[in-house]
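Trainee: I have a model open and would like to learn how its helices pack. Can we go through it together?

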Amino acid sequence: MALSIYQTQPRLVFLSGGEVFKFFRNAHECNLEVKSIMSSPMNSIIDSESKYMMSLVEIISSHDTHYVMKNAGGNSLTNSNHPNGYYLAGRWLRTFHESSKGTIEGGIFLYGDYVASHLYIDNVNKKVTLIDPGKDFGRIGKIEEDIARFLVGLFHTKDFNIDKLIKKLSQFINGYGVDSLDYLLLDNFIKFRIDWSFEKVKQLNKNTGFKIIFIALVWRLIENIKYSLVKNKLRKLFHGK
């Protein structure tokens with residue numbers, strides 16, 4: 001039976017027999033994440049603009065320290081050749097946020113770990129599926145937090161083609177739409193996310209991981225440089241000037 005390991009840290013996630021397994025340190029952590037996913041306000045729905053079905057990963061079964069998910073069809077956005085893949089990423093997130101809009105006081109139901117590698121596009125069946133929501137799934141906050149998480153994920157790659165980065169960013173923002181976004185708030189969350197990613201690595205490796213911390217410091221510099229190079233374009237998407 002073929003085994004494909006998606007990640008080993010911070011949680012082991014692998015594909016086996018057409019199903020995806022995610023493991024936790026204890027039953028409490030596993031139970032919390034399963035409950036948060038099951039509490040999602042979004043059901044599978046066809047997006048009126050893209051005509052793609054927008055779906056969240058389907059949990060097949062839950063156990064003490066792991067749960068099993070249905071394998072998402074298609075290819076990860078990071079490996080997809082869909083010309084409008086990042087537009088679809090924006091449409092999925094907009095659909096997800098709209099599902100809880102007006103039902104929660106002071107915020108919105110957040111996805112949390114919204115990154116390109118967690119988004120699968122099935123062009124044959126016209127379906128977009130999000131996998132591996134993570135422990136922050138379901139936290140109540142501002143929509144700009146999810147947007148910032150996705151954008152910083154685009155900065156955190158070894159691709160230094162800024163024109164390509166601007167194209168992805170533009171597709172994503174145009175897919176989501178700027179009508180309900182606050183540019184200044186988004187700018188602050190992007191800066192916070194870049195710094196927090198470094199601080200998180202530093203906290204996890206403060207006793208034994210000098211090399212890891214140094215690499216994280218380099219990545220923070222790269223992410224800040226990339227953001228400075230695309231920031232003017234992002235501002236124009238909001239203000240048109």
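**Helix 3 and its partners**

Mentor: This is a predicted model. Start here: helix 3 and helix 5 cross in a right-handed way.

Trainee: Is helix 3 parallel or oblique to helix 5?

Mentor: The axes of helix 3 (residues 143–155) and helix 5 (residues 183–204) come within 8 Å. They cross at roughly 50 degrees. Angles under 35 degrees count as roughly parallel, and 65 to 115 as roughly perpendicular. The angle fits neither range, so helix 3 is oblique to helix 5.

Trainee: How many charged residues are in the contact of helix 3 with helix 5?

Mentor: Helix 3 brings residues including Glu-144, Glu-145 and Arg-149, and helix 5 brings Arg-193 among them. By class, the contact has 10 nonpolar residues and no polar ones. The charged residues number four.

Trainee: How does helix 3 lie against helix 6, roughly parallel or roughly perpendicular?

Mentor: Their axes are 9 Å apart, and the angle is about 105 degrees. The range from 65 to 115 counts as roughly perpendicular. Therefore helix 3 is, relative to helix 6, roughly perpendicular.

Trainee: Which residues of helix 3 meet helix 6?

Mentor: On the helix 6 side, look for Trp-219, Ile-222, Glu-223, Lys-226, Tyr-227 and Val-230. By class, this contact has seven nonpolar and two charged residues. From helix 3 come Val-152, Leu-154 and Phe-155.

Trainee: Which helix gives the largest share of the largest nonpolar core?

Mentor: That core has 60 residues. Trp-92, Tyr-114, Phe-150, Leu-151 and Ile-190 touch the most other members. The largest share is eight residues, and they come from helix 3.

Methods
Residues numbered from 1 in each chain as written. Predicted model: local features only at pLDDT ≥ 70, side-chain atom pairs only at ≥ 80, totals over all residues. Heavy atoms only, no water. Axes fitted to C-alpha atoms, helices over the stretch in contact; angles between N-to-C directions. Helix = DSSP H or I, 4+ residues; strand = E, 2+ residues; numbered from the N terminus. Parallel < 35°, antiparallel > 145°, perpendicular 65-115°, else oblique. Left-handed = near helix turned anticlockwise from the far one by under 90°. Contact = heavy atoms within 4.5 Å. Nonpolar A, V, L, I, M, F, W, Y, C, P; charged D, E, K, R; others polar. Core = buried A, V, L, I, M, F, W, Y, C linked by side-chain atoms within 4.5 Å. Buried < 20%, exposed > 50% of the residue type's maximum accessible area, 1.4 Å probe, protein only.
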